[in-house]
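Work through the exercises below with the sequence and the model open. Try each task before you read its solution.

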Amino acid sequence: MPSEIRLQTGNSVSAVRIENIFCIGRNYAAHIAELGNRPSESPVVFLKPTSALNTGPIIDLPAHSADVHFETELVFLVGKGGKNISEADALAHVSGVALGLDLTARDLQNQNKKLGLPWATAKGFDDSASLSNFVPLSQVGELNSLEFFLHVNGEQRQHGKVCNMIYSVPTLIAYLSQVFTLQAGDLIYTGTPEGVAALKSGDHLRLTLPGQIDCEFSVA
């Protein structure tokens, strides 16, 4: 399980040590609807341990769940830490962009939600924070026009558009920095669009940010 990720700039690659992994739930209206949830008046935040990191190419499903779902997300790398960051300054604190899988043990999550218990066992298991390489934020162009895709076994299953986020990336960074002191090396998973479903052994996943990222994983 890596404690570092790679940030690729041109022909050079630098290693970045990961600190915290912040994840945002319920940030796309259609995904909220498909799970029967309600929108939140503020961002829904949870954390994953760094032991959940996986840069591939193999995903091992956990033994404690029989219903692990894929959730494809844009992931941002904090390059400069800070506290009480303004929305206007937020993107100056971001150094890279990746695609990630917020893998979720849906059976455990649903059970824990009914009981009012935390989601840690449903969200923080090994390989549940799978990641592509990072590319510089400056390389991806206009953030609000970005679109990303997940294909499973050659079939398109998710199509995310940044413009459809309920809470924008600057809003999320500003909000998180009011609660936590952000550090260089923090990751921010920004929520998944609709289309989530269960994984099974032998599945092949391809995550793409056209022209920037093309990443593949296989489920053991």
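The exercises cover a sheet, salt bridges and two single residues in a predicted model.

**Exercise 1. The sheet**

Task: Give the strand order of the open sheet of five strands, and find its edge strands.

Solution:
- Step 1. Read off the order: 6-18-17-13-14. The pairing is mixed.
- Step 2. Look for strands that pair on one side only. These are strand 6 (58–59) and strand 14 (155–161), the edge strands.
- Step 3. Take strand 14 and its partner, strand 13 (residues 147–152). The two run antiparallel and share six bridges.
- Step 4. Fix the register with one pair: Glu 147 stands opposite Lys 161 of strand 14.

**Exercise 2. A buried salt bridge**

Task: Which parts of the chain does the salt bridge between Arg 106 and Glu 71 tie together?

Solution:
- Step 1. Check the distance. The closest N and O atoms of Arg 106 and Glu 71 are 2.8 Å apart. The cut-off for a salt bridge is 4 Å, so the pair qualifies.
- Step 2. Place the partners. Arg 106 belongs to helix 2 (residues 106–115). Glu 71 sits in the loop between strand 7 (68–70) and strand 8. The bridge therefore joins parts that are 35 residues apart in sequence.
- Step 3. Judge the burial. Buried means under 20% relative accessible area. Arg 106 has 4% relative accessibility, so Arg 106 is buried. Glu 71 also has 4%, so Glu 71 is buried.

**Exercise 3. From pair to network**

Task: Describe the salt bridge between Asp 102 and Lys 123, then find the network that includes these residues.

Solution:
- Step 1. Start with the atoms. The side chains of Asp 102 and Lys 123 meet at 2.8 Å, N to O.
- Step 2. Locate both ends. Asp 102 is in strand 9, and Lys 123 is in helix 3 (residues 120–123), so this bridge ties together parts 21 residues apart in sequence.
- Step 3. Check exposure. Both Asp 102 and Lys 123 are buried.
- Step 4. Widen the view. Salt bridges link Lys 48, Glu 71, Asp 102, Arg 106 and Lys 123 in a network. The structure has six salt bridges.

**Exercise 4. One bridge, two environments**

Task: Lys 200 and Asp 203 form a salt bridge. Is Lys 200 buried or exposed? Is Asp 203 buried or exposed?

Solution:
- Step 1. Note the distance between the side chains of Lys 200 and Asp 203: 2.9 Å, N to O.
- Step 2. Take Lys 200. Its relative accessible area is 51%, so Lys 200 is exposed.
- Step 3. Take Asp 203. Its relative accessibility is 4%, so Asp 203 is buried.

**Exercise 5. Two loop residues**

Task: Place Thr 192 and list its surroundings. Then do the placement for Ser 86.

Solution:
- Step 1. Thr 192 lies in the loop between strand 15 (187–189) and strand 16 (197–198). At 3% relative accessible area, Thr 192 is buried.
- Step 2. Follow its side chain. The side chain of Thr 192 reaches the backbone oxygen of Thr 72 at 2.9 Å. It also makes a polar contact with the side chain of Gln 158, at 2.9 Å.
- Step 3. Add the contacts. Leaving out residues up to four places away in sequence, Thr 192 touches Tyr 28, His 31, Glu 71, Thr 72, Glu 73 and Gln 158.
- Step 4. Ser 86 lies in the loop between strand 8 (72–78) and strand 9 (94–102). With 32% relative accessibility, Ser 86 is partly exposed.
- Step 5. Relate Ser 86 to His 31. The two are 55 residues apart in sequence, and their C-alpha atoms are 28 Å apart.

How values were computed: Residues numbered from 1 in each chain as written. Predicted model: local features only at pLDDT ≥ 70, side-chain atom pairs only at ≥ 80, totals over all residues. Heavy atoms only, no water. Pairing = 2+ DSSP bridges. Helix = DSSP H or I, 4+ residues; strand = E, 2+ residues; numbered from the N terminus. Buried < 20%, exposed > 50% of the residue type's maximum accessible area, 1.4 Å probe, protein only. Polar contact = N/O pair within 3.5 Å; in protein donor to acceptor, adjacent residues only side chain to side chain. Contact = heavy atoms within 4.5 Å.
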